[in-house]
Amino acid sequence: MRTVSRLVIGFFLVFSFVKADKLLIDTAHSEVGFSIKHMMISNVKGKFNQYDANIDFDLKSKTFRSLEAVIKTKSIDTGITKRDNHLRSADFFEVAKYPDMTFKMTKYTANGDEGVIYGLLTIRDITKKVKLNVTLNGIIKDFEGDTRAGFSLYGTINRKDFGLMWNKALEFGGFAVGDEVKIIIELETKAI
């Protein structure tokens, strides 16, 4: 009987060290956004309104164990219907053929409340390695006693690496759309 008790205790000790917390995104308090240069003089911002992720995060060590996300390309929203329809066309995301953009974490390095997520981003069936800087904004208990964690993620990609090639030359030189896209993600999550 003592051996069985030791095995059960050992199992729970091991499990407690490897257990990560599953986090659900609170979409009412989150945003998957981006910023890109327009005509070389201004920054146009937009977001995607439909997304989901499987997130395993160790609240004690403040470490991501895994993160996999899916973003619906048709949900792109820059606040201008004509521009959004162009972005959904074959010139850019070609949403009918490529409805999903995905991200899968391959590695996470932590330094307290800061860190870097390395992963594979897929847009238009083209997969590239990317990295996102992460700031853990805090971990709290909400009004109902649930644990919540907030994160800011940001990075930069070149849209042409993912087949988003459309552009238009300007008469005075330069192009209508910049190549560099800044990724700006704000997540509020709840542990389950």
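Colleague: What pattern does the protein chain follow, read along the sequence?

Modeller: Along the sequence the protein chain runs α-β-β-β-β-β-β-α-β-β-β-β-β, which amounts to 2 helices and 11 strands. Please keep in mind that this is a predicted model, and that every value I give is computed from it.

Colleague: How much of the chain is buried, and what about the contacts between residues at least 6 apart in sequence?

Modeller: Of the 192 residues in the protein chain, 39% are buried. When contacts between residues at least 6 apart in sequence are taken, 54% of them join residues at least 24 apart.

Colleague: And the accessible surface, what does that come to?

Modeller: The accessible surface of the protein chain is about 11800 Å², and carbon and sulfur atoms account for 57% of that area.

Colleague: Let's go inside. How many residues are in the largest nonpolar core, and which have the most contacts there?

Modeller: The largest nonpolar core holds 44 residues, and those with the most contacts inside it are Ile55, Phe64, Phe93, Phe103, Ile117 and Phe151. Strand 11, residues 177-191, gives the most to this core, with 6 residues. As general background, nonpolar side chains in soluble globular proteins tend to be buried together.

Colleague: Which residues does Phe93 touch, sequence neighbours aside?

Modeller: Not counting residues up to four places away in sequence, Phe93 touches Phe48, Thr73, Ile76, Leu87, Arg88, Tyr98, Met101, Ile123, Arg124 and Leu164. Phe93 also appears among the residues that lie nearest the centre of the largest pocket, together with Phe34, Phe48, Ile76 and Val181.

Colleague: OK, the pocket then. What is its volume, and what classes of residue line it?

Modeller: The largest pocket has a volume of about 840 Å³, and 43 residues line it. By class, that lining has 34 nonpolar, 4 polar and 5 charged residues. Strand 2, residues 31-38, gives the most to the lining, with 6 residues.

Colleague: Staying with strand 2, what does Ile36 touch?

Modeller: Ile36, whose place is in strand 2, touches Ser42, Asn43, Val44, Arg159, Val177, Gly178, Glu180 and Val181, if residues up to four places away in sequence are not counted. Glu180 is 144 residues from Ile36 along the chain, yet their C-alpha atoms are separated by 6.5 Å.

Colleague: Why does Ile36 count as buried?

Modeller: Ile36 counts as buried because its relative accessibility is 15%, and buried means under 20%.

Colleague: Back to Thr73, which you listed with Phe93. Where does Thr73 lie, and is it buried or exposed?

Modeller: Thr73 lies in the loop between strand 5 (63-72) and strand 6 (76-77), and with a relative accessible area of 2% it is buried. Leaving aside neighbours within four places in sequence, Thr73 is in contact with Phe48, Phe93, Val95, Tyr98, Pro99, Asp100 and Met101.

Colleague: Changing topic to the backbone: what is phi for Arg124 and for Asp125?

Modeller: Arg124 has a positive phi of about 55° although it is not a glycine, and phi of Asp125 is near 65°, again positive in a residue other than glycine. For context, most residues other than glycine have a negative phi.

Colleague: Where is Arg124 found, and which of the two is buried or exposed?

Modeller: Arg124 is found in the loop between strand 8 (114-123) and strand 9 (126-141), and Asp125 has its place in the loop between strand 8 and strand 9 as well. Arg124 is buried, with a relative accessible area of 17%, whereas Asp125, at 65% relative accessibility, counts as exposed.

Note on methods. Residues numbered from 1 in each chain as written. Predicted model: local features only at pLDDT ≥ 70, side-chain atom pairs only at ≥ 80, totals over all residues. Heavy atoms only, no water. Core = buried A, V, L, I, M, F, W, Y, C linked by side-chain atoms within 4.5 Å. Buried < 20%, exposed > 50% of the residue type's maximum accessible area, 1.4 Å probe, protein only. Helix = DSSP H or I, 4+ residues; strand = E, 2+ residues; numbered from the N terminus. Contact = heavy atoms within 4.5 Å. 1 Å grid on protein atoms, 1.4 Å probe; cavity = no way out; pocket = protein on both sides within 12 Å on 5 of 7 lines; lining within 4 Å. Points joined across faces, edges and corners; volume = space filled by probe spheres on them. Nonpolar A, V, L, I, M, F, W, Y, C, P; charged D, E, K, R; others polar. Areas by Shrake-Rupley, 256 points an atom, 1.4 Å probe, with all protein chains shown as cover.
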